[in-house]
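Q: Could you take me on a close look at one helix and the parts around it? I'd like to know how it is covered and what it meets, and then see some other places along the chain.

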Amino acid sequence: SSLDMASSPTVLMRLMASAYSVAHRAGTIVRNVMTGGDLGIVEKCGPNDLQTKADRLVQMSICASLARKFPRVTIIGEEDLPPHDVDEELIEDGQCEEILKKAFPPQYSSIKEEELVVWVDPLDGTKEYTEGLLDHVTVLIGIAYEGKAIAGVINQPFYNYEAGADAMLGRTIWGVLGLGAFGFQLKEVPAGKHIITTTRSHSSKLVNDCISAMNPDNVVRVGGAGNKIIQLIEGKASAYVFASPGCKKWDTCAPEAILHAVGGKLTDIHGNPFYYNKEVKHMNSAGVLATLRNFDYYASRVPESVKQALVP
(Lines give C-alpha, C1' and ligand atoms only; values in the text may rest on other atoms or scores of the structure.)
Protein backbone atom coordinates (compact mmCIF):
# COMPACT_ATOMS: atom_id res chain seq x y z
CA SER A 1 0.00 0.00 0.00
CA SER A 2 1.02 3.61 -0.45
CA LEU A 3 1.11 4.06 3.32
CA ASP A 4 3.87 1.46 3.62
CA MET A 5 5.78 3.23 0.88
CA ALA A 6 5.68 6.47 2.83
CA SER A 7 6.99 4.93 6.04
CA SER A 8 9.66 2.61 4.63
CA PRO A 9 12.92 4.29 3.58
CA THR A 10 13.32 4.70 -0.17
CA VAL A 11 16.30 3.35 -2.12
CA LEU A 12 17.92 6.79 -2.19
CA MET A 13 17.57 7.19 1.59
CA ARG A 14 19.05 3.76 2.24
CA LEU A 15 21.88 4.35 -0.23
CA MET A 16 22.69 7.71 1.39
CA ALA A 17 22.57 6.24 4.90
CA SER A 18 24.97 3.49 3.78
CA ALA A 19 27.22 5.91 1.87
CA TYR A 20 27.54 8.00 5.04
CA SER A 21 28.71 5.02 7.11
CA VAL A 22 30.92 3.76 4.28
CA ALA A 23 32.56 7.20 3.94
CA HIS A 24 33.09 7.34 7.71
CA ARG A 25 34.85 3.95 7.56
CA ALA A 26 36.89 5.19 4.58
CA GLY A 27 38.15 8.10 6.67
CA THR A 28 39.39 5.65 9.29
CA ILE A 29 41.21 3.60 6.62
CA VAL A 30 42.85 6.77 5.25
CA ARG A 31 44.08 7.74 8.75
CA ASN A 32 45.30 4.21 9.48
CA VAL A 33 47.37 4.04 6.29
CA MET A 34 48.97 7.38 7.23
CA THR A 35 49.70 6.17 10.78
CA GLY A 36 51.15 2.94 9.38
CA GLY A 37 53.75 5.03 7.58
CA ASP A 38 53.99 3.03 4.34
CA LEU A 39 51.84 4.89 1.81
CA GLY A 40 52.63 2.47 -1.02
CA ILE A 41 52.84 5.24 -3.63
CA VAL A 42 52.73 4.40 -7.34
CA GLU A 43 52.71 6.83 -10.26
CA LYS A 44 49.78 6.41 -12.64
CA CYS A 45 50.44 8.91 -15.47
CA GLY A 46 53.31 10.89 -13.96
CA PRO A 47 54.51 12.55 -10.76
CA ASN A 48 51.31 14.61 -10.34
CA ASP A 49 49.06 11.59 -10.80
CA LEU A 50 49.66 9.33 -7.83
CA GLN A 51 47.94 6.40 -6.24
CA THR A 52 48.57 5.20 -2.68
CA LYS A 53 47.63 2.19 -0.60
CA ALA A 54 44.84 4.38 0.86
CA ASP A 55 43.35 5.04 -2.62
CA ARG A 56 43.31 1.31 -3.29
CA LEU A 57 41.97 0.11 0.07
CA VAL A 58 39.32 2.84 0.30
CA GLN A 59 38.01 2.20 -3.20
CA MET A 60 37.76 -1.53 -2.49
CA SER A 61 35.98 -0.78 0.79
CA ILE A 62 33.47 1.69 -0.69
CA CYS A 63 32.68 -0.22 -3.86
CA ALA A 64 32.42 -3.66 -2.25
CA SER A 65 30.36 -2.39 0.71
CA LEU A 66 27.85 -0.55 -1.49
CA ALA A 67 27.71 -3.27 -4.16
CA ARG A 68 26.87 -5.88 -1.52
CA LYS A 69 23.85 -3.89 -0.29
CA PHE A 70 22.83 -2.35 -3.64
CA PRO A 71 23.77 -4.89 -6.32
CA ARG A 72 21.91 -3.12 -9.13
CA VAL A 73 23.42 0.33 -8.63
CA THR A 74 26.20 1.27 -11.09
CA ILE A 75 29.35 2.17 -9.14
CA ILE A 76 32.21 3.95 -10.92
CA GLY A 77 35.45 4.46 -9.02
CA GLU A 78 38.56 6.40 -9.97
CA GLU A 79 41.11 3.64 -9.53
CA ASP A 80 41.50 0.89 -12.07
CA LEU A 81 41.84 -2.08 -9.73
CA PRO A 82 42.13 -5.77 -10.63
CA PRO A 83 39.04 -7.61 -9.39
CA HIS A 84 39.74 -9.71 -6.34
CA ASP A 85 38.06 -10.77 -3.13
CA VAL A 86 37.81 -7.90 -0.70
CA ASP A 87 38.96 -8.47 2.86
CA GLU A 88 35.91 -8.64 5.17
CA GLU A 89 37.61 -6.07 7.40
CA LEU A 90 37.05 -3.51 4.63
CA ILE A 91 33.30 -4.13 4.44
CA GLU A 92 31.11 -1.53 6.16
CA ASP A 93 27.56 -2.70 6.79
CA GLY A 94 26.27 0.21 8.91
CA GLN A 95 23.72 2.87 8.03
CA CYS A 96 23.42 6.38 9.43
CA GLU A 97 20.15 6.38 11.41
CA GLU A 98 19.86 10.17 11.32
CA ILE A 99 19.62 10.08 7.51
CA LEU A 100 16.89 7.41 7.59
CA LYS A 101 14.80 9.71 9.81
CA LYS A 102 14.85 12.66 7.37
CA ALA A 103 11.89 13.50 5.17
CA PHE A 104 13.37 13.07 1.69
CA PRO A 105 11.82 15.03 -1.20
CA PRO A 106 8.91 13.06 -2.69
CA GLN A 107 10.25 13.26 -6.25
CA TYR A 108 12.86 10.65 -5.26
CA SER A 109 10.48 8.12 -3.76
CA SER A 110 9.97 6.01 -6.88
CA ILE A 111 13.64 5.79 -7.91
CA LYS A 112 14.76 2.24 -8.64
CA GLU A 113 18.16 0.90 -7.67
CA GLU A 114 19.24 0.35 -11.28
CA GLU A 115 18.56 4.02 -12.10
CA LEU A 116 21.28 5.27 -9.74
CA VAL A 117 24.95 5.81 -10.55
CA VAL A 118 27.52 6.25 -7.79
CA TRP A 119 30.77 8.11 -8.54
CA VAL A 120 33.60 7.38 -6.11
CA ASP A 121 36.84 9.23 -5.53
CA PRO A 122 38.45 7.19 -2.75
CA LEU A 123 41.06 9.83 -1.99
CA ASP A 124 40.69 13.28 -3.51
CA GLY A 125 43.93 15.21 -3.07
CA THR A 126 46.32 12.24 -3.23
CA LYS A 127 49.34 14.42 -3.97
CA GLU A 128 48.60 16.56 -0.92
CA TYR A 129 48.13 13.38 1.15
CA THR A 130 51.62 12.21 0.19
CA GLU A 131 53.03 15.65 1.10
CA GLY A 132 51.35 15.82 4.50
CA LEU A 133 48.85 18.59 3.61
CA LEU A 134 46.23 16.54 5.36
CA ASP A 135 43.34 18.99 5.56
CA HIS A 136 43.19 19.00 1.73
CA VAL A 137 42.24 15.32 1.60
CA THR A 138 38.64 14.13 1.12
CA VAL A 139 36.75 10.94 0.29
CA LEU A 140 33.95 11.56 -2.23
CA ILE A 141 30.80 9.51 -2.88
CA GLY A 142 28.39 11.15 -5.34
CA ILE A 143 25.00 9.83 -6.38
CA ALA A 144 23.44 10.62 -9.76
CA TYR A 145 19.93 10.06 -11.10
CA GLU A 146 18.90 10.73 -14.73
CA GLY A 147 22.37 12.14 -15.32
CA LYS A 148 22.13 14.70 -12.54
CA ALA A 149 24.15 14.82 -9.30
CA ILE A 150 21.41 14.61 -6.64
CA ALA A 151 23.21 13.54 -3.48
CA GLY A 152 26.72 13.37 -2.09
CA VAL A 153 28.93 12.57 0.86
CA ILE A 154 32.30 14.19 1.57
CA ASN A 155 34.41 12.73 4.35
CA GLN A 156 37.35 14.84 5.51
CA PRO A 157 39.52 12.30 7.36
CA PHE A 158 41.91 14.82 8.89
CA TYR A 159 39.48 17.58 9.77
CA ASN A 160 40.75 19.11 13.03
CA TYR A 161 44.20 17.54 12.74
CA GLU A 162 45.91 20.76 13.81
CA ALA A 163 43.71 21.13 16.89
CA GLY A 164 45.96 19.08 19.17
CA ALA A 165 46.30 15.48 20.29
CA ASP A 166 42.87 15.16 21.97
CA ALA A 167 40.88 16.55 19.03
CA MET A 168 38.32 14.32 17.36
CA LEU A 169 39.66 13.75 13.86
CA GLY A 170 37.53 13.77 10.75
CA ARG A 171 34.00 14.77 9.77
CA THR A 172 31.39 13.73 7.24
CA ILE A 173 29.41 16.30 5.25
CA TRP A 174 26.40 15.17 3.23
CA GLY A 175 23.65 16.69 1.16
CA VAL A 176 20.65 15.90 -1.02
CA LEU A 177 19.18 18.22 -3.63
CA GLY A 178 15.85 19.48 -2.30
CA LEU A 179 16.65 18.46 1.29
CA GLY A 180 19.74 20.47 2.19
CA ALA A 181 23.28 19.78 3.37
CA PHE A 182 24.51 18.80 6.81
CA GLY A 183 27.63 18.33 8.92
CA PHE A 184 29.08 21.85 8.59
CA GLN A 185 28.18 25.47 9.25
CA LEU A 186 27.11 27.27 6.06
CA LYS A 187 28.90 30.60 5.73
CA GLU A 188 29.33 33.19 2.98
CA VAL A 189 32.36 35.27 2.09
CA PRO A 190 31.92 38.92 3.22
CA ALA A 191 29.88 40.91 0.67
CA GLY A 192 31.94 42.47 -2.11
CA LYS A 193 34.96 40.20 -1.51
CA HIS A 194 36.17 38.09 -4.43
CA ILE A 195 38.26 35.19 -3.18
CA ILE A 196 39.07 32.49 -5.69
CA THR A 197 40.10 28.96 -4.80
CA THR A 198 41.95 27.01 -7.46
CA THR A 199 44.34 24.16 -8.09
CA ARG A 200 47.55 23.80 -6.16
CA SER A 201 49.42 21.23 -8.23
CA HIS A 202 47.86 21.52 -11.71
CA SER A 203 48.31 25.19 -12.51
CA SER A 204 48.87 26.56 -16.02
CA LYS A 205 48.87 29.81 -18.00
CA LEU A 206 45.23 29.19 -18.91
CA VAL A 207 44.24 28.70 -15.26
CA ASN A 208 46.05 31.88 -14.24
CA ASP A 209 44.73 33.98 -17.16
CA CYS A 210 41.20 33.00 -16.23
CA ILE A 211 41.71 33.92 -12.58
CA SER A 212 43.33 37.29 -13.23
CA ALA A 213 40.44 38.25 -15.55
CA MET A 214 38.19 37.96 -12.50
CA ASN A 215 40.23 40.53 -10.64
CA PRO A 216 40.17 38.68 -7.29
CA ASP A 217 41.06 40.18 -3.91
CA ASN A 218 42.77 36.94 -3.03
CA VAL A 219 43.61 33.53 -4.54
CA VAL A 220 43.69 30.39 -2.39
CA ARG A 221 45.59 27.46 -3.94
CA VAL A 222 44.55 24.16 -2.39
CA GLY A 223 44.42 20.51 -3.43
CA GLY A 224 41.29 18.46 -4.05
CA ALA A 225 37.92 19.32 -5.59
CA GLY A 226 36.08 18.22 -2.45
CA ASN A 227 38.24 20.53 -0.37
CA LYS A 228 37.56 23.47 -2.71
CA ILE A 229 33.80 23.03 -2.40
CA ILE A 230 34.20 22.98 1.38
CA GLN A 231 36.02 26.34 1.03
CA LEU A 232 32.93 27.70 -0.78
CA ILE A 233 30.32 26.45 1.69
CA GLU A 234 32.33 27.55 4.73
CA GLY A 235 32.88 31.08 3.43
CA LYS A 236 36.63 30.83 2.82
CA ALA A 237 36.31 31.39 -0.94
CA SER A 238 33.64 32.83 -3.22
CA ALA A 239 34.50 30.97 -6.44
CA TYR A 240 36.26 27.77 -7.47
CA VAL A 241 37.87 28.34 -10.86
CA PHE A 242 39.69 25.62 -12.78
CA ALA A 243 40.27 26.49 -16.43
CA SER A 244 41.86 23.17 -17.34
CA PRO A 245 40.72 19.70 -18.45
CA GLY A 246 42.22 17.74 -15.51
CA CYS A 247 39.14 17.15 -13.37
CA LYS A 248 36.96 14.01 -13.59
CA LYS A 249 33.33 13.10 -12.89
CA TRP A 250 34.19 11.42 -9.57
CA ASP A 251 35.84 14.70 -8.45
CA THR A 252 32.74 16.79 -9.04
CA CYS A 253 29.66 14.57 -8.48
CA ALA A 254 29.50 14.59 -4.65
CA PRO A 255 30.72 18.20 -4.23
CA GLU A 256 28.27 19.43 -6.88
CA ALA A 257 25.30 17.77 -5.16
CA ILE A 258 26.24 19.29 -1.80
CA LEU A 259 26.86 22.73 -3.28
CA HIS A 260 23.56 22.65 -5.23
CA ALA A 261 21.73 21.51 -2.08
CA VAL A 262 22.62 24.85 -0.43
CA GLY A 263 21.79 26.98 -3.50
CA GLY A 264 25.24 27.14 -5.13
CA LYS A 265 26.16 26.32 -8.70
CA LEU A 266 28.83 24.19 -10.37
CA THR A 267 29.31 23.95 -14.15
CA ASP A 268 32.06 23.74 -16.71
CA ILE A 269 33.90 26.96 -17.65
CA HIS A 270 31.22 27.73 -20.31
CA GLY A 271 28.39 27.43 -17.77
CA ASN A 272 27.21 24.04 -19.08
CA PRO A 273 25.95 21.52 -16.53
CA PHE A 274 27.72 18.18 -16.01
CA TYR A 275 26.02 14.88 -16.76
CA TYR A 276 26.71 11.81 -14.66
CA ASN A 277 24.91 8.96 -16.43
CA LYS A 278 26.98 5.79 -16.57
CA GLU A 279 27.85 6.14 -20.29
CA VAL A 280 29.33 9.62 -19.91
CA LYS A 281 33.05 10.28 -20.47
CA HIS A 282 34.98 10.57 -17.24
CA MET A 283 36.94 13.72 -18.02
CA ASN A 284 35.49 17.19 -17.35
CA SER A 285 37.40 18.52 -20.31
CA ALA A 286 35.95 22.04 -20.19
CA GLY A 287 37.13 22.81 -16.66
CA VAL A 288 35.11 23.78 -13.59
CA LEU A 289 33.47 26.98 -12.36
CA ALA A 290 31.64 26.89 -9.02
CA THR A 291 30.25 29.43 -6.56
CA LEU A 292 27.97 29.49 -3.54
CA ARG A 293 26.51 32.86 -4.65
CA ASN A 294 26.94 35.36 -7.55
CA PHE A 295 27.70 32.73 -10.18
CA ASP A 296 26.98 35.15 -13.05
CA TYR A 297 29.60 37.64 -11.86
CA TYR A 298 32.36 35.06 -12.31
CA ALA A 299 30.91 33.38 -15.40
CA SER A 300 30.72 36.72 -17.22
CA ARG A 301 34.43 37.32 -16.62
CA VAL A 302 35.77 34.11 -18.14
CA PRO A 303 37.87 35.32 -21.12
CA GLU A 304 36.87 34.24 -24.63
CA SER A 305 40.39 32.87 -25.17
CA VAL A 306 39.88 30.52 -22.21
CA LYS A 307 36.48 29.38 -23.51
CA GLN A 308 37.95 28.69 -26.95
CA ALA A 309 40.79 26.67 -25.45
CA LEU A 310 38.47 24.45 -23.41
CA VAL A 311 36.12 22.37 -25.53
CA PRO A 312 33.42 20.35 -23.71
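**Helix H7 and its surroundings**

A: Just after H7, Gly235 adopts a positive phi of about 75°. Happy to walk you through the rest. Residues are numbered from 1 along each chain as its sequence is written, and this is a predicted model. Local features need pLDDT of at least 70, side-chain atom pairs count only at pLDDT 80 or more, and totals for chains, interfaces and linings use all residues, while side-chain values use heavy atoms, leaving out hydrogens and water.

Let's begin with the helix itself. H7 covers residues 225-233; helices (H or I, at least four residues) and strands (E, at least two) are DSSP runs, numbered from the N terminus. The helix is mostly covered, with nine of its nine residues buried (under 20% relative accessible area; exposed is over 50% and partly exposed lies in between, with a 1.4 Å probe and protein chains only). The buried set begins with Ala225, Gly226, Asn227 and Lys228, and continues through Ile229, Ile230, Gln231, Leu232 and Ile233.

Now for the helix it packs on. H8, residues 249-261, packs with H7 at an angle of about 15°, and their axes are 9 Å apart (axes are lines fitted to C-alpha atoms, for helices over the stretch in contact, and angles run from 0 to 180 degrees between N-to-C directions). H7 and H8 are therefore roughly parallel to each other (under 35 degrees; over 145 is roughly antiparallel, 65 to 115 roughly perpendicular and the rest oblique). On the H7 side, Ala225, Gly226, Ile229, Leu232 and Ile233 make the contact, meaning heavy atoms within 4.5 Å. Asp251, Pro255, Ile258 and Leu259 are their partners in H8.

Ile258 of H8 also gives a handle on distance: its C-alpha atom is separated by 30 Å from that of Ala165, with the two positions 93 residues apart along the chain. Ala165 sits in the loop between E6 and E7, and it is exposed, at a relative accessible area of 82%.

Two further residues touch H7. One is His136, found in the loop between helix H5 (126-130) and strand E5 (138-145). With 8% relative accessibility, His136 counts as buried. Setting aside residues up to four places away in sequence, His136 touches Asn227, as well as Asp124, Glu128, Arg200, Val222, Gly223 and Gly224. Asn227 is itself one of the buried residues of H7.

The other is Thr198, in strand E9 (residues 195-198). Thr198 is buried, with a relative accessible area of 0%. Beyond four places in sequence, Thr198 touches Lys228, which brings us back to the helix, and also Val207, Ile211, Val219, Val220, Arg221, Val222, Val241 and Phe242. Val222 appears in this list and among the contacts of His136.

Over at the start of H8, His282 comes into view. His282 has its place in the loop between strand E12 (265-267) and strand E13 (288-291), and it is partly exposed, with a relative accessible area of 35%. Leaving out neighbours within four places in sequence, His282 is in contact with Lys249 and Trp250, along with Ile76, Trp119, Cys247 and Lys248. His282 also lies 9.1 Å from Glu78, C-alpha to C-alpha, although the two are 204 residues apart in sequence.

For a second helix pair, look at H2 (residues 11-36) and H3 (residues 53-69), which pack at an angle of about 155°, with axes 9 Å apart. That makes H2 roughly antiparallel to H3. From H2, the contact uses Leu15, Ser18, Ala19, Val22, Arg25, Ala26, Ile29, Val30 and Val33. H3 answers with Lys53, Ala54, Leu57, Val58, Ser61, Ile62, Ser65, Leu66 and Lys69.

Finally, back to phi, where we began. Most residues other than glycine have a negative phi. Asn160 has a positive phi of about 85° although it is not a glycine. It lies in the loop between strand E6 (148-156) and strand E7 (171-176), and at 34% relative accessibility it counts as partly exposed. Asn215 is another non-glycine residue with a positive phi, near 55°. Asn215 is in the loop between helix H6 (205-213) and strand E10 (218-221), and it is exposed, with a relative accessible area of 58%.
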